[in-house]
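Please open the model in your viewer and keep a selection panel at hand, since this tour moves from one selection to the next.

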Amino acid sequence: MLVLTRKRGEKLIILDNIELTIIDLDKNKVKLGINAPKTIKIVRKELIEDLSKINKYSSQTNPLILNDIQKELKYFK
Amino acid sequence: MILKTSKFGDVEFDEKKIIYFPLGIYGFEEEKKFVILNFGHENFSWLQSITNSDVSLLITQPFWFMPEYETILKNNLIQFKINPERYSVFISTYLKDRKIFASIGAPFLIDNENSIGMQVVVNDLNQNLTVNVLEKLKTNILKV
């Protein structure tokens, strides 16, 4: 992993068009500003982990339980 | 063609219906080829991997229980210059304590013209990643 030291207000450029700014620093927090083209996907890593978990739960669905629950859904249609 | 699936046994499927996910989907990054299977569950289908018989996600289209999702999606995907009519939208769904939860935070978009799919993250969604489908249905009925 590339490790760099930056001070408050300093910037980094990734791939020519992504600009990362260290806006503020705290004891255990850092506030980042990101300027990037709108098509660049930026997400928190925890979000990806949550989405992976959801897809795994989804793949573990028991079709028989779905049959049961669907009967309850019918009352709302 | 015959497809082996863990949930449904051997299933007949049409090769032309294969959907290619170049980046895979969250949690199953290695799975690139899927088909959508229907087993008579109204509003629900299965996104079944071609290459891993164990991987089949319960999916649903979001609009029947959450009509406002159309606007959310439109506002969010405008940046990709996506024409909504060209895409089918599905979201992964799971059951917990006899409730159905739908993952509105990351829909699957499937390009109907070339059968290429991707799971995208809906940014600035000011709510949870998942919604309780039944609760959402009830709320929308009360609104009308």
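Begin by selecting strand E5 of chain B, residues 44-49, where five of the six residues are buried, so that the strand is largely enclosed by the rest of the structure. Bear in mind throughout that this is a predicted model.

Keep E5(B) selected and add strand E4 of chain B, residues 33-37; the two strands pair in the antiparallel sense over four bridges. For one point of register, pick B:Phe34 and look across to E5(B), where its bridge partner is B:Ser49. Then follow the chain through the turn, since E4(B) and E5(B) form a hairpin with six residues between them, and stop at B:Gly40, which has a positive phi of about 75°.

Which strand should be shown next to E5(B)? The strand to add is E6(B), which pairs with E5(B) in the antiparallel sense over five bridges. Here B:Gln48 stands opposite B:Ser56 in E6(B), and the link between E5(B) and E6(B) is again a hairpin, made through six residues.

Now move to helix H1 of chain B, residues 69-77, and select B:Ile72 within this helix. Is B:Ile72 buried or partly exposed? With 18 other C-beta atoms within 10 Å, B:Ile72 counts as partly exposed, because a residue is called buried only if 20 or more such atoms lie within that distance. If you add B:Ile104 and draw a distance between the C-alpha atoms, the viewer should give 9.9 Å, although B:Ile72 and B:Ile104 are 32 residues apart in sequence.

Next, display both chains and select the residues through which they touch, a contact that takes 31 residues from chain B and 24 residues from chain A. On the side of chain B that touches chain A, strand E6 (56-60), strand E7 (87-96) and helix H2 (133-143) each supply at least two residues. If you colour this side of chain B by residue class, it divides into 18 nonpolar, nine polar and four charged residues.

Then hide chain B and look at chain A by itself, whose secondary structure comes to two helices and three strands, arranged from the N terminus on as β-β-β-α-α. The radius of gyration of chain A is 22 Å, well over the 11 Å that the globule rule gives for 77 residues, so chain A is more spread out than a compact globule. Turned along its principal axes, the C-alpha trace of chain A spans about 60 × 30 × 25 Å. Colouring chain A by burial shows that buried residues make up 9% of its 77 residues, and a contact map shows that, among contacts between residues at least 6 apart in sequence, 0% join residues at least 24 apart.

Finish with the strands of chain A, three of which form an open sheet in the order E1-E2-E3 with antiparallel pairing. Strand E1 (11-14) and strand E3 (30-35) of chain A stand at the edges, each with a single partner strand, so one side of each is left without a neighbour in the sheet. Neighbouring strands of this sheet are turned by 25° against each other on average, direction ignored. As a last selection, show E1(A) together with strand E2 of chain A, residues 18-25, to which four bridges join it in the antiparallel sense, and pick A:Ile13, whose bridge partner in E2(A) is A:Glu19.

Key:
Residues numbered from 1 in each chain as written. Chains lettered and ligands numbered in written order. Predicted model: local features only at pLDDT ≥ 70, side-chain atom pairs only at ≥ 80, totals over all residues. Rg over C-alpha atoms; globule rule 2.2 N^0.38 Å. Buried ≥ 20, exposed ≤ 12 C-beta atoms within 10 Å, placed from the backbone. Contact = placed C-beta atoms within 7 Å. Nonpolar A, V, L, I, M, F, W, Y, C, P; charged D, E, K, R; others polar. Pairing = 2+ DSSP bridges. Axes fitted to C-alpha atoms, helices over the stretch in contact; angles between N-to-C directions.
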